[in-house]
Amino acid sequence: FSFLLKLHSDLDKGVGTVKYTLSGDGAGTVFTIDETTGDIHAIRSLDREEKPFYTLRAQAVDVDTKKPLEPESEFIIKVQDINDNEPKFLDGPYVASVPEMSPVGAYVLQVKATDADDPTYGNSARVVYSVLQGQPYFSIDPKTGVIRTALPNMDREVKEQYQVLIQAKDMGGQLGGLAGTTTVNITLTDVNDNPPRFPKSIFHLKVPETSHVGSAIGRIRAVDPDFGKNAEIEYNIVPGDGGNLFDITTDEYTQEGVIKLKKPLDFETKKAYTFKVEASNLHLDHRFHSVGPFKDTATVKINVLDMDEPPVFSKPMYTMEVYEDTPVGTIIGAVTAQDLDAGSSSVRYFIDWKNDVDSYFTIDATEGTIATNELLDRESIAQYNFSIIASKVSNPLLTSKVNVIINVLDVNEFPPEISVPYETSVCENAKPGQVIQTITAADKDLSPAGQRFSFKLSSEASNKPNFTVHDYRNNTAGIETRRNGYSRRQQELYFLPVVIEDSSYPVQSSTSTLTIRVCRCDSDGTIQSCNVEAIFLPVGLSTGALIAILLCIVILLVIVVLYVALRRQKKKDTLMTSKEDIRDNVIHYDDEGGGEEDTQAFDIGALRNPKVIEDNKIRRDIKPDTLRFPRHRPPAEDNTDIRDFINHRLQENDVDPSAPPYDSLATYAYEGNGSVAESLSSIDSLTTEADQDYDYLSDWGPRFKILADMFGEEES
């Protein structure tokens, strides 16, 4: 609150009848006036760099009538400067360059520092420049700030970069002045001050006589320490011996001289050539002509070789790609080799067997095509590296070898799985939304860039109010609680099926079951006790699936029981079938029997009336002790048509000489009751044995010998 000046009107008698007012720049905010005395004060500090002057207006007014006593007066308050600002380099730090080998005083750069103080008042804004770091290489003009070289012939090949520290100080550089600094990075640019030089005077080259015209047969190089276009070299062959057979060009990347063949070589005609090569700069600097000629010369000696060369592959190495699980026999690439000799022999290819891995591929001996020989699995072997050998047919001992690298590309065949652990815990006092476990996924396949795994609950668990899965979309997910508290007494373990999908094609997914154990914890969430039981539950059957399987087993058991009961009922119904429906079972034998000995294998009682009970059955498969004719029971009342039919057939078999000497069983289906079916065998026929002649049985061979003996005894 500083006093600046005092206003006074001649009409002011000092009795309080005059009031002073102030208006203009800063009135009321920067300056204030005493209405009675006219004293003007500054109510805050002033900064000349912010506002150098203020224009104000003052007036004397009558207190009673409020009318001006005098015209309004205008005056200016000018802020006087002090040295409160240091010089600043607004454009720093600086970057500059100067050619190497420049003379002393060569212009580099001009820097400028700005001082915000008043340059018209004192030395507050008078700046002086100086070099704090960078002597003796560079100097600066203290008044203008121009930086110049201070040493002659600075060589870029010796040192290229310089960092110079410049200071600007006000008050004319006197003690107490304020200072500011900046950095200037100076680079020496290259000039062509060095000629090219060959590192040796003679270059020896060996060239096969079968080299093709236009092919590169060798390289020579001259060294130039300059940079860029100043180091560009031009090579020329000096006319002389053999120079017309060769040409030389410059490799623009390496600045080497590439010697090429212009005409074919013949070992039998000439075995060696000698010529000179000259290297010179393309861009000369006239300032350095006095240094000497900017060129150099070397001698090149070429020896022509006479030799039979092996085949040459078209590439130094072959790289191929194939997807895993590619069918066997699929061609994945080919190698090519040529015989560069004059004879140009054919080439044969084969694999250089070193281990069993090489057997995964085969090569066509003539075409050089490589095909798969076995199914490939990237997860087992991701890359195969083997050698192919090419040999000439005309000279199999001349071989060449090339490496073949086959990269097996991945196919998305494995689903992602949860990384261990499969088990976690939850506190009984857990709150809803609490993250109890963060899970990640792993995939056996080669994950491409940007591979994403998504996590979610299985459909069967998404509706349960226990836990949920929150996918963070960064290949991790959190298991969150959905209930307010859990009870070990009600349920100790929860099984949470989590479905994981990858983002590759085709999409693979898997379901992993996470075991969650309920534990007792303190108020801070520290676990205090859990039942010690190792539970590791990989992907398995859910509770619903187990219940479905048990229901299926129960249904199968019921079906079996019903089937057995129906079979028993059916068997019982068969035994209770009507007695009129009597049928016999025909049994077929593939072996040749012994006549009467086989009659016991079946029961011919089905042809008899079921009401008739035979008390005495005669076995017909053994020879009787005494010849005894069966008793003929009077037939019961039966159907006469059936009886007449059976008697008719019986008589036909009795008199038939070609009838076999064993009983044959004929099954007849008939209706009616009371049919008495006696034996239909000719042995028990109603006709007597005297009507038959059994001598022919002995003519039938050894198989019927027993029958022949039995009936022969009966006749005797």
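**Note on strands, salt bridges and a surface patch**

1. An open sheet in this predicted model is built from 4 strands in the order β22-β29-β28-β25, and the pairing within the sheet is mixed. The strands at the edges are β22 (317-323) and β25 (347-351), each of which pairs on one side only. On average, and with direction ignored, neighbouring strands of this sheet are turned by 30° against each other.

2. Within that sheet, β25 and β28 (residues 383-392) run antiparallel and are joined by 5 bridges. One residue pair can be followed here in the structure, since R348 has S391 in β28 as its bridge partner. As a reminder, strands of a sheet pair through backbone hydrogen bonds, either parallel or antiparallel.

3. Another set of strands is worth tracing around β12 (residues 161-169), which is joined by 5 bridges to β9 (residues 128-133), the two running antiparallel. In that pairing, Q133 has L165 of β12 as its bridge partner. β12 also pairs with β13 (residues 179-189), again in the antiparallel sense, over 9 bridges, and there Q163 stands opposite N185 of β13.

4. Turning to charged side chains, the model has a count of 12 salt bridges. In one of them, D352 and K401 meet with a distance of 3.1 Å from N to O. Because D352 lies in the loop between β25 and β26 (361-363) while K401 belongs to strand β29 (residues 399-409), this pair ties together parts that are 49 residues apart in sequence. D352 is buried, with a relative accessible area of 15%, whereas K401 is partly exposed at 48%.

5. E492 and R517 also form a salt bridge, and their closest N and O atoms are 3.3 Å apart. This pair links distant parts of the chain, with E492 in the loop between β35 (476-481) and β36 (493-502) and R517 in strand β37 (residues 509-521), 25 residues apart. Is R517 buried or exposed? R517 is buried, because its relative accessible area is 4% and the cut-off for buried is under 20%; E492, at 23%, is partly exposed.

6. A further salt bridge joins E652 and R649, whose closest N and O atoms are 3.9 Å apart. The two residues are 3 residues apart in helix α2 (residues 640-655), so about one helical turn separates them. E652, at 38% relative accessible area, is partly exposed, and R649, at 35%, is partly exposed as well. Elsewhere, R156, E157 and D190 are linked in a network of salt bridges.

7. Finally, L546, I549, L550, I553 and L557 make a nonpolar surface patch of about 470 Å². L550 lies in helix α1 (residues 543-575) and counts as exposed, with 53% relative accessibility.

Methods: Residues numbered from 1 in each chain as written. Predicted model: local features only at pLDDT ≥ 70, side-chain atom pairs only at ≥ 80, totals over all residues. Heavy atoms only, no water. Pairing = 2+ DSSP bridges. Axes fitted to C-alpha atoms, helices over the stretch in contact; angles between N-to-C directions. Patch = residues over 30% accessible without salt bridge, like charges linked within 9 Å, V, L, I, M, F, W, Y side chains within 5 Å. Areas by Shrake-Rupley, 256 points an atom, 1.4 Å probe, with all protein chains shown as cover. Salt bridge = Lys/Arg side-chain N within 4 Å of Asp/Glu carboxyl O. Buried < 20%, exposed > 50% of the residue type's maximum accessible area, 1.4 Å probe, protein only.
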